[in-house]
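Me: I would like to go through this protein step by step, asking about one part at a time and working out each answer with you.

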Amino acid sequence: MTDGHHFNNILLGGRGGTNPGQFKVYSGGLAWKRQGGGKTIEIDKADVTAVTWMKVPRAYQLGVRIKDGLFYRFIGFREQDVSSLTNFIQKNMGVTPDEKQLSVSGHNWGGIDIDGNMLTFMVGSKQAFEVSLADVAQTQMQGKTDVLLELHVDDTTGANEKDSLMDLSFHVPTSNTQFVGDENRPPAHILWETILKFADVGSSEEPVVTFDGIAILTPRGRYSVELHLSFLRLQGQANDFKIQYSSIVRLFLLPKSNNPHTFVVITLDPPIRKGQTLYPHIVIQFETEAVVERDLALSKELLVDKYKDRLEESYKGLIHEVFTKVLRGLSGAKVTRPGSFRSCHDGYAVKSSLKAEDGLLYPLEKGFFFLPKPPTLILHEEIEFVEFERHGAGGASISSHYFDLLVKLKNDQEHLFRNIQRNEYHNLFNFITGKNIKIMNLGGDGQGASGVVTDVLRDTDDDAVDPHLERIKNQAGDDESDEEDEDFVADKDDSGSPTDDSGDEESDASDSGGEKEKSSKKEASSSKPVQKRKPKGRDDEGHEKKKAKKKKDPNAPKRAMTPFMYFSMAERGNMKSSNPDLPTTEIAKKLGEMWQKMSSEDKQPYIQQAQVDKKRYEKESAVYRGEATADVDSGNESD
């Protein structure tokens with residue numbers, strides 16, 4: 001094992017969250033990579049100043065302190081790992097790990113040890129807890145014997161962390177001998193001054209550079225963005241976020257095609273939290289042509305010593321380029337730009353929709369990124385397969401204009417990107433096959449794109465039958481009530497939207513197929529014109545409505561489906577996968593709520609599908625009712 005040691009299921013302590021990862025120590029330093037991709041920490045051995053071991057519940061913790069004062073805790077080592085790692089670190093890094101003991105007595109009195117920017121509360125010779133003074137936002141005296149520390153809140157936090165430490169107070173009696181004072185400066189005042197030297201108090205007033213009035217799409221609002229030496233701050237009217245650079249995984253610089261705006265995305269691990277909502281991606285929107293000039297508030301010595309070849313004294317250029325360069329230089333995060341993919345309009349993305357939200361899907365060299373809302377990053381290595389699907393079931397005239405892209409992940413999660421323009425198919429197909437991503441419904445022997453269009457863009461019900469979709473389709477041709485009727489309560493009330501008239505048109509259309517052909521003959525031969533309107537196009541044999549429900553002609557055409565039915569067919573699968581425990585009636589209600597909140601533009605694809613299906617129904621009804629009319633007329637002649 002001369003190349004190093006590897007350890008799995010190691011947790012990153014502190015604000016790293018509760019996600020395990022792989023820890024590696026080698027001759028050049030050490031590294032930790034989050035399991036399943038994402039956050040990666042690399043520490044050069046030249047930056048390591050101290051290493052400690054501590055026995056914690058059910059495992060051992062390795063603490064690593066580096067030159068800039070940061071302290072990392074890696075938790076999950078076994079007892080037999082301690083000796084082997086200690087020997088390796090001593091031999092390859094020249095650092096001897098110290099052993100610390102954890103106090104579990106529960107005592108809240110003891111001594112304070114300040115080493116660099118780390119404050120440790122000691123009970124005897126054992127450590128009770130420790131706090132990084134870099135996380136202290138404010139410190140003040142309370143009376144003559146108490147020192148209050150207030151920590152930054154709404155920082156990045158682990159997804160499973162419900163509580164965060166906001167403040168703590170130390171009581172220092174006047175008889176304390178560790179911090180010796182006098183009449184004017186009691187021991188508590190000495191402790192307060194010591195903490196003040198290392199705390200992050202006042203750093204928000206001295207940013208390296210500031211960008212005011214920046215539009216951020218998630219979390220939405222206009223913020224003043226301050227870039228500091230070790231963190232960035234987003235200051236808005238209602239929210240204030242402080243984000244450590246160590247939480248930044250990657251930066252994305254993604255221009256919009258034929259649009260005056262450019263996306264800059266800051267991907268975080270762990271994410272920031274606002275209430276109970278987590279934001280793993282900060283989506284910033286800059287004006288593409290805006291030009292700015294900025295001078296950095298850094299001394300020449302600091303530029304040369306710490307940021308040589310990474311930062312310059314001043315910048316002038318497009319705002320998104322200046323912002324990205326400065327943030328990259330301060331944080332050390334890598335920047336991802338568009339790769340080789342080009343759309344049919346020579347853009348970097350294709351228009352699509354995800355969860356009823358319109359946006360852009362960027363095919364990148366190592367993943368797909370959907371922006372702006374909900375920002376969704378999918379790495380190629382996470383994908384099990386993709387599947388091209390024909391858009392809806394509205395007939396060839398509609399499906400030839402759009403198609404859908406289903407992405408199935410290895411963890412069984414699915415993302416359905418809908419309403420992609422048909423002329424983008426070849427570009428996407430070639431890009432996906434070039435990345436060796438499995439295409440589930442690739443027909444034939446895997447020929448080129450031109451040979452599989454008809455196989456890939458198939459109807460969604462060709463191979464697999466979804467029982468729920470079949471019930472919806474059958475319901476369109478059968479008025480008998482069943483438990484699925486409640487799925488369409490909203491549709492029955494107002495066709496799903498006050499701006500959508502297709503529902504009313506559909507009801508009229510169900511009668512119009514054979515009504516015009518019959519009207520002239522039936523006016524003379526029948527005295528019951530009202531009865532012809534009662535069946536609603538379901539049965540024209542002259543039976544009463546109740547009898548028509550019970551005994552339906554199997555040759556009668558299926559009624560045209562409403563726009564809401566098409567929407568329900570498209571979104572019900574996503575709703576069920578996102579809420580597996582939700583009963584059918586609740587899913588129906590949620591779908592109805594989603595439909596009512598959609599704009600007219602969002603509903604347009606479903607309205608188009610319904611219009612095509614309406615024409616189909618009219619044609620089939622004309623043929624069917626023409627035959628029925630012939631039978632009726634022959635009967636009248638015999639009388």
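**Strands, helices and cores**

Reply: In this predicted model, strand 1 and strand 7, the latter made of residues 71-77, pair in the antiparallel sense over two bridges.

Me: Which residue in strand 7 does leucine 11 stand opposite?

Reply: Strand 1 covers residues 5-12 and also pairs with strand 2, residues 20-26, in the antiparallel sense over five bridges. On the strand 2 side, leucine 11 has proline 20 as its bridge partner. In strand 7, the residue that stands opposite leucine 11 is isoleucine 75.

Me: Why does the distance between the end C-alpha atoms of helix 1 agree with the span that its 15 residues should have?

Reply: Helix 1 runs over residues 79-93, and the expected span is 1.5 Å times one less than its number of residues. For the 15 residues of helix 1 this gives 21 Å, and the two values agree because the end C-alpha atoms are apart by 21 Å.

Me: What covers the buried residues of helix 1?

Reply: The residues of helix 1 that are buried are Asp81, Val82, Leu85, Thr86, Phe88, Ile89 and Met93. An α-helix has 3.6 residues a turn, so residues three or four places apart point the same way. The cover over the buried residues of helix 1 includes strand 1, strand 2, strand 3 (29-34), strand 5 (48-56), strand 6 (59-66) and strand 7.

Me: Which strands are the edge strands of the open sheet with the order 12-13-14?

Reply: This open sheet is formed by three strands with antiparallel pairing. An edge strand pairs on one side only, and this holds for strand 12 (136-142) and strand 14 (167-171).

Me: At about what angle to strand 12 does helix 2 run?

Reply: Strand 12 is joined by six bridges to strand 13, residues 146-151, and the two run antiparallel; within this pairing, threonine 139 stands opposite leucine 149. Helix 2, residues 187-198, lies across strand 12, strand 13 and strand 14, and its angle to strand 12 is about 165°.

Me: Which element gives the largest share of the largest nonpolar core?

Reply: This core has 38 residues, of which Leu227, Ile266 and Phe323 touch the most other members. Among the elements that give two or more residues to this core are strand 20 (261-274), strand 21 (277-287) and helix 4 (319-331). The largest share is six residues, and the element it comes from is helix 4.

Notes. Residues are numbered from 1 along each chain as its sequence is written. This is a predicted model: local features need pLDDT of at least 70, side-chain atom pairs count only at pLDDT 80 or more; totals for chains, interfaces and linings use all residues. Side-chain values use heavy atoms; hydrogens and water are left out. Two strands pair if DSSP finds at least two bridges between them. Helices (H or I, at least four residues) and strands (E, at least two) are DSSP runs, numbered from the N terminus. Contact means heavy atoms within 4.5 Å. Axes are lines fitted to C-alpha atoms, for helices over the stretch in contact, and angles run from 0 to 180 degrees between N-to-C directions. Buried means under 20% relative accessible area, exposed over 50%, partly exposed in between (1.4 Å probe, protein chains only). A nonpolar core is a set of buried Ala, Val, Leu, Ile, Met, Phe, Trp, Tyr and Cys residues joined through side-chain atoms within 4.5 Å.
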